[in-house]
Amino acid sequence: MKKYYFIILIFFLCPSWAFAEEVEYQIEIDYKTVNVTGKNIQAMALNGSIPGPTLKFQEGDIAKISFHNAMDVATSVHWHGILLPYRQDGVPYVTNPPIAPGKTKIFKFPIKQAGTYWFHSHTGLQEQRGVYGAIVITPREGERVSSDKDEVIILSDWINENPDDVLRTLKSGSDYYSLKKGSTQSLLGAAKEGALTNLAQRSWMRMPPMDISDVAYDAFLANGKTETTLPAAPGEKIRLRFINAATATYFHLQFAGGPIQIISADGVDVQPVNTDRFLMAIAETYDLIVTVPPDGSYEFRATAQDGTGYSSIYIGSGKRVYARDMTKPPLYKMAMGHE
């Protein structure tokens with residue numbers, strides 16, 4: 001009888017995760033040569049890929065993740081949006097020391113939530129070089145909104161320059177990137193836009209020209225590519241788990257095949273809402289539902305907020321149907337906060 005009392009006592013004293021299933025992943029970060037725009041660049045990859053692997057769990061699991069640094073510089077990993085003990089958070093010099101070259105850090109924590117999240121380096125500018133990946137956690141009771149397919153889409157921006165050089169240029173106050181992407185402002189340009197008053201007001205207040213994004217990126221990517229395809233049958237409901245892993249880019253999201261239904265934001269289910277287009281900020285995650293139209297391959301486009309480029313995901317098969325081009329933002333008039 002005492003034995004049964006002891007078992008009952010252990011059950012109530014031990015946390016629920018002590019009996020949970022342990023899900024283990026092994027991740028290695030190393031250098032990788034990539035060619036995004038026709039030029040070989042040394043990047044950083046997780047298990048040989050950019051983005052890194054998608055880590056999948058169910059609410060109530062125990063995550064055990066071995067993170068090995070195969071590079072000759074220190075690194076780190078932060079589990080963005082995940083509720084966990086602070087010692088497992090991974091931010092160097094705050095909750096953990098950095099992961100030294102050749103060393104492995106093992107993270108272990110209970111999964112207390114569900115939704116779409118992501119992970120990335122918190123060391124230097126390694127995130128810009130490719131160190132990021134998705135985390136997908138399914139609810140214990142199943143998804144609230146059903147779908148026929150479930151896909152992860154990680155958005156990012158890409159530049160061929162060394163990110164350290166980019167930061168150095170920005171700190172110098174140079175107009176280099178404005179010149180590169182054609183966003184410099186002048187009296188002649190303001191006159192053509194009918195915005196001389198706006199230019200004068202901005203100058204009077206000693207405000208710099210509006211450019212929305214300080215960097216002229218060479219490409220915008222979805223799952224590491226400027227263009228990708230998702231095979232799907234007509235009428236299928238697709239759950240798209242969008243993650244904005246960009247360094248400095250907001251994206252306008254729009255689907256050529258009809259409205260987008262937003263069902264979750266930053267891992268939290270929301271009252272479903274339909275929209276034709278919306279703006280996604282850096283580090284945000286959204287779960288969306290789209291329905292595949294009867295025929296064709298329909299473009300889901302993520303356009304950089306400054307209008308300098310976009311990435312495309314084609315959903316379905318057959319003749320391509322393109323999303324509408326977006327007009328570039330009126331930079332002269334936006335200087336004073338006007339549309």
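Where is the place of Ile282? Ile282 sits in the loop between strand 16 (277–280) and strand 17. We will come back to that loop, but let us begin with the whole protein.

What you see is a predicted model, in which local features need pLDDT of at least 70, side-chain atom pairs count only at pLDDT 80 or more, and totals for chains, interfaces and linings use all residues. Residues are numbered from 1 along each chain as its sequence is written, and side-chain values use heavy atoms, with hydrogens and water left out.

The secondary structure comes to 6 helices and 20 strands. Here helices (H or I, at least four residues) and strands (E, at least two) are DSSP runs, numbered from the N terminus. Of the 339 residues in the protein, 45% are buried; buried means under 20% relative accessible area, exposed over 50%, and partly exposed in between (1.4 Å probe, protein chains only). The protein exposes about 17,500 Å², and carbon and sulfur atoms supply 54% of it. Those accessible areas come from the Shrake-Rupley method with a 1.4 Å probe, and for residues, only the protein chains shown count as cover. Now think about contacts, meaning heavy atoms within 4.5 Å. Among contacts between residues at least 6 apart in sequence, 71% join residues at least 24 apart.

A good strand to look for is strand 12 (residues 237–244), which is mostly covered, with 7 of its 8 residues buried. Strand 9 (residues 149–158) runs parallel to strand 12, and 7 bridges join the two. Two strands pair if DSSP finds at least two bridges between them. To find this pairing, look for Lys149, which stands opposite Ile238 in strand 12. Strand 12 also pairs with strand 17 (residues 285–291), this time in the antiparallel sense, over 7 bridges. There, Lys237 has Thr291 in strand 17 as its bridge partner.

Now back to Ile282. Ile282 counts as partly exposed because its relative accessibility is 31%. Together with Tyr250 and Leu279, Ile282 makes a nonpolar surface patch of about 220 Å². Patches are made of residues with over 30% relative accessible area and no salt bridge: like charges are joined within 9 Å, and nonpolar side chains (Val, Leu, Ile, Met, Phe, Trp, Tyr) within 5 Å.

Charged side chains are worth a visit too. The structure holds 15 salt bridges, each being a side-chain nitrogen of Lys or Arg within 4 Å of a carboxyl oxygen of Asp or Glu. In one of them, the side chains of Asp164 and Arg129 meet (3.0 Å, N to O). Asp164 lies in helix 2 (residues 163–171) and Arg129 in the loop between strand 7 and strand 8 (132–138), so this pair ties together parts that are 35 residues apart in sequence. Asp164 is partly exposed at 37% relative accessibility, whereas Arg129 is buried at 17%.

Another salt bridge brings together the side chains of Glu143 and Arg239 (3.4 Å, N to O). Since Glu143 lies in the loop between strand 8 and strand 9 and Arg239 in strand 12, the pair ties together parts that are 96 residues apart in sequence. Arg239 is buried, with 2% relative accessibility. Lys149 appears again here, as its side chain meets that of Glu236 in a salt bridge (2.9 Å, N to O). Glu236 lies in the loop between strand 11 and strand 12 and Lys149 in strand 9, so the pair ties together parts that are 87 residues apart in sequence. Salt bridges that share partners also join Glu143, Asp150, Arg239, Arg241 and Asp287 into one network.

Next, find His120 in strand 7 (residues 115–120). His120 counts as buried because its relative accessibility is 6%. The side chain of His120 makes a polar contact with the side chain of His80 (3.2 Å). A polar contact is a pair of N or O atoms within 3.5 Å; within protein, one must be able to donate a hydrogen and the other to accept it, and residues adjacent in sequence count only if both atoms are side-chain atoms.

Finally, a look at the backbone. Most residues other than glycine have a negative phi, and most peptide bonds are trans. Asn47, in the loop between strand 2 and strand 3, has a positive phi of about 55 degrees although it is not a glycine. Pro51 is found in the loop between strand 2 (40–46) and strand 3 (55–58), and a cis peptide bond joins Ile50 and Pro51, with omega about 0 degrees.
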